[in-house]
Amino acid sequence: MTTRHRHVLGISAFYHDSAAALLRDGEIVAAAQEERFTRRKGDADFPANAAAYCLRAAGIAASDLEYVGFYDKPLLKFERILETYLEVAPRGFASFQLAAPLWLKDKLHLDRQLRDALSYDGEILYAEHHESHAASAFFPSPFEEAAILTMDGVGEWATASFGVGRGSDIVLLKELHWPNSLGLLYSAFTYFTGFKVNSGEYKVMGLAPYGEPKYVDLIYREVIDLREDGSFTLNQKYFNYLSGLTMTNGAFSELFGGPPRVPEGKLTQREMDLARSIQVVCEEVMLRMARTVHRETGLENLCLAGGVALNCVGNGRLLREGPFKRLWIQPAAGDAGGALGVAQLIWHRYCERPRRVTPGRDTMQGALLGPRFSPGEIAAHLGSLRAVYERLERQQLLERVAGLLADEKVVGWFDGRMEFGPRALGARSILGDPRSPRMQAQMNLKIKLREGFRPFAPSVLRERASEYFELVGDSPYMLLVAPLKRERQIAMTEEQRKLWGIDQLNVVRSDIPAVTHIDYSARVQTVDRETNPNYYDLIKEFERQTGCAVVVNTSFNVRGEPIVCTPADAYQCFMRTHIDFLVLGPFLLDKAKQPTWKETEDWRQQFQLD
Ligand SMILES: [Fe+2]
């Protein structure tokens, strides 16, 4: 089939969180992460399913594509790995032996592999890793002109970069190079505190407010030599990622009072203090880098991407304290977003196609770029599962669900196109009543099957956000943490003040305790009607019934599992947990009325649950 439209497919793969993104005449038609289809969290394989979905969504075949883009340059990356290993050989030889065959097999034959996997014989273009991040940060942003800052673990050589985006081009001005990496430094502490590298960083950030910044001076003295301009050198004496297969070594353990926490082992005050300390250092680096970028570019808007841009506590501080007036963060800030970035680079830079900017509105469409299911498809799924459901008119459904939430029921909410990026934004979400003091513990332990300390995020009607949070502007992608309004905070008693660490968890801190973190902050999602009409109207109805314009929004999955993609994934997650009701498009399902759920495999083991 030939079309008169021009299509570009972007691919990111083989590191972590593979993804595909498709542009039609420069507009984003579809984007999704491979993990959602394969049900393997952070799946790094070639995104065959995500790419197939993107083509399906556009109604085209691979032969209709004008270009395929890959989000980094495998040869440059191989060079970095090779040089690193040669430098530390023979220490590094063991891990090189493990890594090299993988590289040679998969990454150097990438061209062929991409063609075979896609059945595509057109042109394939490669961008540099940080260029892809930078493109994903700037091109979809609502700015005609902006400074760009990218920060992550590592691409080819770069670990951070900054530059300028203007109209339809971006120029990167400076880079910080491997092995000096803010992402890897944070990941080293993630590893050391017993969480999974590349996905547990969120947990470290969530744990930080329970601790004291006890190790900050030690980190500055021994581990990182941070310069005024935000650039830094890491003392490689403490790290193992050059030569070994772990992040930190014996010297690191000695410095921080003993070996790393065993994953799933007891969380102690040390881990909380370490989390707080590395978070403080990370924020300081981010702030210094942003000040340098501001000074060198003289611009007022800043765009962010790269894994470190998922540090929403740091982002919140950048917005409040940084010199930039406005901030826009790519919702798929990690490597998945690189798929979108490279496609946009091809369209704007390589094809020299102009970029249209609507001030105040980005082109991400609320990041709702994944698969959707029609009522007919959902009904067919439900029929095959013998599920019991009722179909409701829209208004009736919204009233019922708002009423259930107000009644402290937990509701799985599956509606429209799946989100692109790590956050659930009201398409694949689990919802609860933020006013309930029991909700945080209940949702963590009984529904998400995860650590009790993990905070929950609020979704708030956009126009009511300033009544709840100290937030300037919008936060549609839940990537900014903001303090709760002072008048909503409940001061702690003398007794409560004496609590330490995790014991502080159950103190009611505001009139929306389920989404108030222990430092009176919240990771806010502002919801507007134009991008997400059903979700907006649901919160509006909840407000009509209760006076509260906020709901708890957590991603629709259990710990260790990717966010649900299909109605069948959603039903399965609903039946395995204590979610009380499930909404699938126009259908409402009551847990109490469902047939008994039979497990076909040991799913708890699959997701490493207790
Ligand atoms: Fe990256």
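1. Along the chain, the donors of the iron ion follow the spacing H-x3-H-x18-D-x182-D. In this predicted model, the protein donors behind that pattern are His129 through NE2, His133 through NE2, Asp152 through OD and Asp335 through OD, and they lie 2.1 to 2.2 Å from the iron ion.

2. The geometry of the iron site deserves a cautious reading, since the angles among its four donor atoms run from 89 to 172° and the site is irregular. Water is not among the atoms, so the site may look incomplete, and the irregular label is best read with that in mind.

3. The two histidine donors can be considered together, as His129 and His133 both belong to helix 6, which covers residues 129-138, and they stand four residues apart, about one turn of the helix. Both of these histidines, His129 and His133, are buried.

4. Turning to the open spaces, the second largest pocket has a volume of about 700 Å³. Its lining is made up of 31 residues, of which Trp328, Asp362, Asp474, Ser475 and Pro476 are the closest to the centre of the pocket. By character, the residues of this lining divide into 15 nonpolar, nine polar and seven charged.

5. As to which elements build the wall of that pocket, strand 12 (326-329) and strand 18 (521-527) each supply at least two residues of the lining. The largest share, four residues, comes from strand 12.

6. Enclosed space should be kept apart from the pocket just described: the structure holds two cavities of 30 Å³ or more, and the second largest cavity contains about 30 Å³ of space. The residues that line this second largest cavity are Pro331, Ala367, Phe420, Arg423, Leu425, Tyr477 and Leu479, a lining that divides into six nonpolar residues, no polar ones and one charged.

7. A last point concerns Gln396, which is found in helix 15, a helix that spans residues 394-406. Is Gln396 best called buried, exposed or partly exposed? Its relative accessible area is 41%, and because buried means under 20% and exposed means over 50%, Gln396 counts as partly exposed. The C-alpha atoms of Gln396 and Phe252 are separated by 58 Å, with the two positions 144 residues apart in chain numbering.

Notes:
Residues are numbered from 1 along each chain as its sequence is written. This is a predicted model: local features need pLDDT of at least 70, side-chain atom pairs count only at pLDDT 80 or more; totals for chains, interfaces and linings use all residues. Side-chain values use heavy atoms; hydrogens and water are left out. On a 1 Å grid over the protein atoms alone, a cavity is a set of points where a 1.4 Å probe fits but cannot get out, and a pocket is an open set with protein on both sides within 12 Å along at least five of seven lines; lining residues have an atom within 4 Å of a point. Grid points are joined across faces, edges and corners, and a volume is the space filled by probe spheres set on the points. Ala, Val, Leu, Ile, Met, Phe, Trp, Tyr, Cys and Pro count as nonpolar, Asp, Glu, Lys and Arg as charged, and the others, Gly among them, as polar. Donors are N, O and S atoms within 2.8 Å of the metal (3.2 Å for Na, K and Ca); water is not among the atoms, so sites may look incomplete. Four donors count as tetrahedral if all angles lie between 85 and 135 degrees; four count as square planar and six as octahedral if opposite donors are over 155 degrees apart and all others between 65 and 115; anything else is irregular. Buried means under 20% relative accessible area, exposed over 50%, partly exposed in between (1.4 Å probe, protein chains only).
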